[in-house]
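The following paragraphs lead the reader through a protein model, from its pockets to a helix and a single residue. Please keep the sequence and the structure in view while reading.

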Amino acid sequence: FNQSLTATGRLSSSKPNLQNIPIRTERGKEIRKAFVPSHPDGVIVSADYSQIELRIMAAMSGDEAMLEAFRNGEDIHRDTASRVFGVMPLLVSPEQRNKCKMVNFGIIYGISPFGLSQRLKISRKEASELIDVYFKMYPGVRKYMDQAVESARAKGYAETILGRRRVIRDINSRNLTQRQSAERDAINTPIQGSAADLI
């Protein structure tokens with residue numbers, strides 16, 4: 001287990017990388033059976049916070065709609081789909097929920113309309129519209145993202161809630177590709193890094 005390998009500080013494992021073994025496929029289930037405790041009385045414990053990064057996004061952005069969904073114990077992806085598609089939560093289709101799940105997690109990583117269109121296999125226009133509606137429903141998230149980028153531009157680094165810093169080298173680069181990648185890091189590091197702090 002590596003405590004200081006990833007740039008954001010999240011715990012990772014290697015030899016083998018336990019986080020990247022699929023759980024939903026038959027092959028993944030078979031592979032997971034190979035991991036057994038080395039001691040006869042031992043157990044393997046799996047622990048995960050429920051949507052920790054989205055909860056941190058809600059807290060850091062102060063977005064009232066997102067905070068309300070978590071306070072009320074809502075399924076955040078269903079709640080998002082209800083808001084984005086303008087339907088009652090009970091009427092949200094699995095496809096609508098899945099799209100909004102991808103948007104919820106994609107936003108944390110600074111996903112572009114192109115990236116979202118690739119993942120959801122939809123047009124770039126539809127992906128762009130989906131992101132636009134998302135930001136109308138969660139304006140605090142957009143504000144947080146803009147502030148995170150501006151802060152990194154001014155300071156040259158992004159910071160977690162416990163004050164760990166990640167230098168964002170290309171945040172002021174003239175190269176668009178490098179700058180956009182740095183902007184994504186500026187948005188994601190405080191979220192994923194703060195999740196690592198908390199965990």
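The lining of the second largest pocket comprises 8 nonpolar, 4 polar and 5 charged residues. In this predicted model, that pocket encloses about 330 Å³ of space. Its lining is made up of 17 residues, and those nearest the centre are Gly110, Ile111, Arg142, Met145 and Glu183. Which helices supply at least two residues each to this lining? They are helix H7 (124-137), helix H8 (139-155) and H9.

The largest pocket has a volume of about 1,800 Å³. Around it stand 32 lining residues, with Gln19, Ser46, Ala47, Asp48 and Tyr49 nearest the centre. By class, this lining divides into 16 nonpolar, 9 polar and 7 charged residues. Helix H2 (52-61), H5 and helix H9 (176-198) each contribute at least two residues to the lining of the largest pocket. Helix H9 thus appears in the lining of the largest pocket and also in that of the second largest pocket.

Helix H5, one of the contributors to the largest pocket, may be examined by its length. With 15 residues (94-108) at 1.5 Å a residue, H5 should span 21 Å; the C-alpha atoms at its ends lie 22 Å apart, which agrees with that expectation. Which residues of H5 are buried? They are Gln96, Lys99, Cys100, Val103, Asn104, Gly106, Ile107 and Ile108. An α-helix has 3.6 residues a turn, so residues three or four places apart point the same way. Just after H5, Gly110 adopts a positive phi of about 65°. Gly110 is also among the residues nearest the centre of the second largest pocket.

The segment before H1 contains Ser13. Is Ser13 buried or exposed? Ser13 has a relative accessible area of 8%, and it is therefore buried, the cut-off being under 20%. Apart from neighbours within four places in sequence, Ser13 is in contact with Phe1, Asn2, Leu18 and Gln19. Of these contacts, Gln19 is also named among the residues nearest the centre of the largest pocket.

A final consideration is confidence. The protein has an average pLDDT of 91, and 100% of the residues score at least 70. Confidence is lowest in helix H1 (residues 26-32), with a mean of 89, and highest in strand S1 (residues 157-159), at 97. Where pLDDT is low, the predicted coordinates should not be read in detail.

Note on methods. Residues are numbered from 1 along each chain as its sequence is written. This is a predicted model: local features need pLDDT of at least 70, side-chain atom pairs count only at pLDDT 80 or more; totals for chains, interfaces and linings use all residues. Side-chain values use heavy atoms; hydrogens and water are left out. Helices (H or I, at least four residues) and strands (E, at least two) are DSSP runs, numbered from the N terminus. The expected span of a helix is 1.5 Å times one less than its number of residues. Buried means under 20% relative accessible area, exposed over 50%, partly exposed in between (1.4 Å probe, protein chains only). pLDDT is the predictor's confidence in each residue, from 0 to 100. Contact means heavy atoms within 4.5 Å. On a 1 Å grid over the protein atoms alone, a cavity is a set of points where a 1.4 Å probe fits but cannot get out, and a pocket is an open set with protein on both sides within 12 Å along at least five of seven lines; lining residues have an atom within 4 Å of a point. Grid points are joined across faces, edges and corners, and a volume is the space filled by probe spheres set on the points. Ala, Val, Leu, Ile, Met, Phe, Trp, Tyr, Cys and Pro count as nonpolar, Asp, Glu, Lys and Arg as charged, and the others, Gly among them, as polar.
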